[in-house]
Amino acid sequence: MVNISPSSENGLFSEKKESKKLHFLIKAPENYSYNIEKKMSWDANKPATVYVTPELTKDGEVCKAATVILRTKGCHWWWSSGCTFCGYFNDTRDDVTNENLHEQWNYSKEKLNNFEEVEMIKVYTSGSLLEDREIPIQFQEFVLKETNELGKHLVIESRTEQLTSEKLSWAKKLNSDFTVAIGLEAYDDEVLRFHINKGFTLKSWHKAVEQLKKHNLRIKSYLMFKPPFMSEGEALTQCIKWVKSVVDDSDEISINPMNIQRGTIIDRLYRNGDYRPPWLWSLVELIKSVHNFVQPNGEILSRVIVHPTAAGKPRGAHNCGKCDTEVAAAIERYSVSRSLDEFTDLSCKCILRWKEEIHSDQNLPVPIGVGLNRRINIENLFSSY
Ligand code: SF4
Ligand SMILES: [Zn+2]
């Protein structure tokens, strides 16, 4: 086999160096020399970002939560393949060490006043905190212990394969009560495989959930609203079903409307005019459709959270431009208030256009939708290609 790696000259390939990861063999923008240089210019001693947001405790009380997004080596699934929408690799560095991660933690702790004002700390790693190939075991241990000693509820993210009985028993000895957020994205094996390239199946998710329940840990499920190769109308129909399918196994369901991250497959579709990020109206409709299901007669089976990243921007969930701020704010408020009253006063002319699009998507045989911004001939919309 020929060993090839990105050339520093033209960003394509040369035969000089040995490749460490399959990703370096792929002719893709993320492997161009200027992008590699950009990645290596990140300060390995500073986290990607740190901020505080309003949250709810597990008992439903309003509180503040710190989010610490660490600069890491990224996700092992991305090293060999990767999800179609995931641009986390843009924030990673291949050589981050245990010492760097401790520096990043100290920086975050200092910046947020020793976490004194928050009750919850979300530690995100652009991958899985409990994956030994990504995060040194000493640092995993440190985060579990430190948050326990600080008396803060810890939220981490993980794929399913790390959540074994052995790993969770080990983690529970260091921190007995934390939440694990899993990027399930879709409760549908076909969507997981062909739209998302998730690299795990529903069977694997169910196994992980079984282990988390056995270890009495909280479960947060991420669902993706409008994955690639799916129309707006289909996304709405499917996502309502997925919420209903995961509600019994999730303490929280966080719905992520697609936002277009640089260098991803969805970015290429978007730039080609073949994908429009979701309408904010679809998110309002989704919430209205599942609200009574997730909290029947006031009993809360699960908490539905929707945080549209880059709302109102062309690459995030958006409406017409005039009503975006107001509609996005109502969606954000719902995640904390859990009240449909947030949506009562919303109105804008563009809702009619959105309704027509949903109606057409749900009634015409158009594989990836009639979204008005698609730059192809109208007759091609009706052919399967
Ligand atoms: S598993 Fe998560 S971090 Fe890894 S490529 Fe997929 S979305 Fe990105
Ligand atoms: Zn509008």
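A residue counts here as buried if 20 or more other C-beta atoms lie within 10 Å of its own, as exposed if 12 or fewer do, and as partly exposed in between, with C-beta atoms placed from the backbone. Keep that handy as you click around. This is a predicted model, in which local features need pLDDT of at least 70, side-chain atom pairs count only at pLDDT 80 or more, and totals for chains, interfaces and linings use all residues. Residues are numbered from 1 along each chain as its sequence is written, while chains are lettered from A and ligands numbered from 1 in the order in which they are written.

**Stop 1: the whole chain**

Start with a cartoon view. You should find 13 helices and 10 strands; these are DSSP runs numbered from the N terminus, H or I over at least four residues for helices and E over at least two for strands. Of the 385 residues, 37% count as buried. Now think about contacts, meaning pairs whose C-beta atoms, placed from the backbone, lie within 7 Å. Taking those between residues at least 6 apart in sequence, 70% join residues at least 24 apart.

**Stop 2: strands β3, β4 and β5**

Select 49-56 and 62-69. Strands β3 and β4 run antiparallel and are joined by 8 bridges; a pair of strands needs at least two DSSP bridges to count. One bridge to pick out links Glu55 with Cys63 in β4. The hairpin has 5 residues between its strands, and Gly60 there takes a positive phi near 85°.

Go to Thr49, which sits in β3. Is Thr49 buried, exposed or partly exposed? Thr49 is partly exposed, because 13 other C-beta atoms lie within 10 Å. Draw a distance from Thr49 to Tyr124: the two are 75 residues apart in sequence, yet 9.9 Å apart C-alpha to C-alpha.

Next add 120-124, strand β5, which pairs with β4 in the parallel sense over 5 bridges. Look for Ala65 opposite Met120.

**Stop 3: two unusual phi angles**

Select Phe115, in the loop between α3 (98-111) and β5. Phe115 has a positive phi of about 60° although it is not a glycine. Phe115 counts as buried because 21 other C-beta atoms lie within 10 Å.

Now jump to Asn216, in the loop between α7 (202-214) and β8. Asn216 is not a glycine either, and its phi is positive, at about 55°. With 10 C-beta neighbours inside 10 Å, though, Asn216 counts as exposed.

**Stop 4: ligand 1**

Show ligand 1 with its surroundings. Which residues are around ligand 1? They are Cys75, Trp77, Trp78, Gly82, Cys83, Cys86, Tyr88, Ser126, Gly127, Arg159 and Gly183, on the criterion that the C-beta atom, placed from the backbone, lies within 6 Å of the molecule. By class, the shell has 6 nonpolar, 4 polar and 1 charged residues. For that tally, Ala, Val, Leu, Ile, Met, Phe, Trp, Tyr, Cys and Pro are nonpolar, Asp, Glu, Lys and Arg are charged, and the others, Gly among them, are polar.

**Stop 5: helix α8**

Select 232-246. Helix α8 has 15 residues and reaches 21 Å from first C-alpha to last, close to the 21 Å expected, where the expected span is 1.5 Å times one less than the number of residues. Its buried residues include Leu236, Cys239, Trp242, Val243 and Val246. To see what covers the buried residues of α8, switch on elements including β7 (178-185), β9 (252-257) and α12 (350-363).

**Stop 6: the core and α10**

The largest nonpolar core has 82 residues, and Ala186, Leu223, Phe225, Cys239, Leu280, Leu283 and Ile331 touch the most other members. Such a core is a set of buried Ala, Val, Leu, Ile, Met, Phe, Trp, Tyr and Cys residues joined through C-beta atoms within 7 Å.

Helix α10 brings the largest share of this core, 7 residues. Buried residues in α10 include Leu280, Trp281, Leu283, Leu286, Ile287 and Val290. Among the elements covering them are α8, α11 and α12.

Leaving aside neighbours within four places in sequence, Leu280 contacts residues including Pro308, Ala311, Ala328 and Ile331.

**Last stop: Ala328**

Follow that contact to Ala328, in helix α11 (residues 324-337). Ala328 is buried because 23 other C-beta atoms lie within 10 Å. Not counting residues up to four places away in sequence, Ala328 touches Leu280, Pro308, Ala311 and Gly312. The C-alpha atoms of Ala328 and Gly312 are separated by 7.6 Å, with the residues 16 apart along the chain.

Conventions. Two residues are in contact if their C-beta atoms, placed from the backbone, lie within 7 Å.
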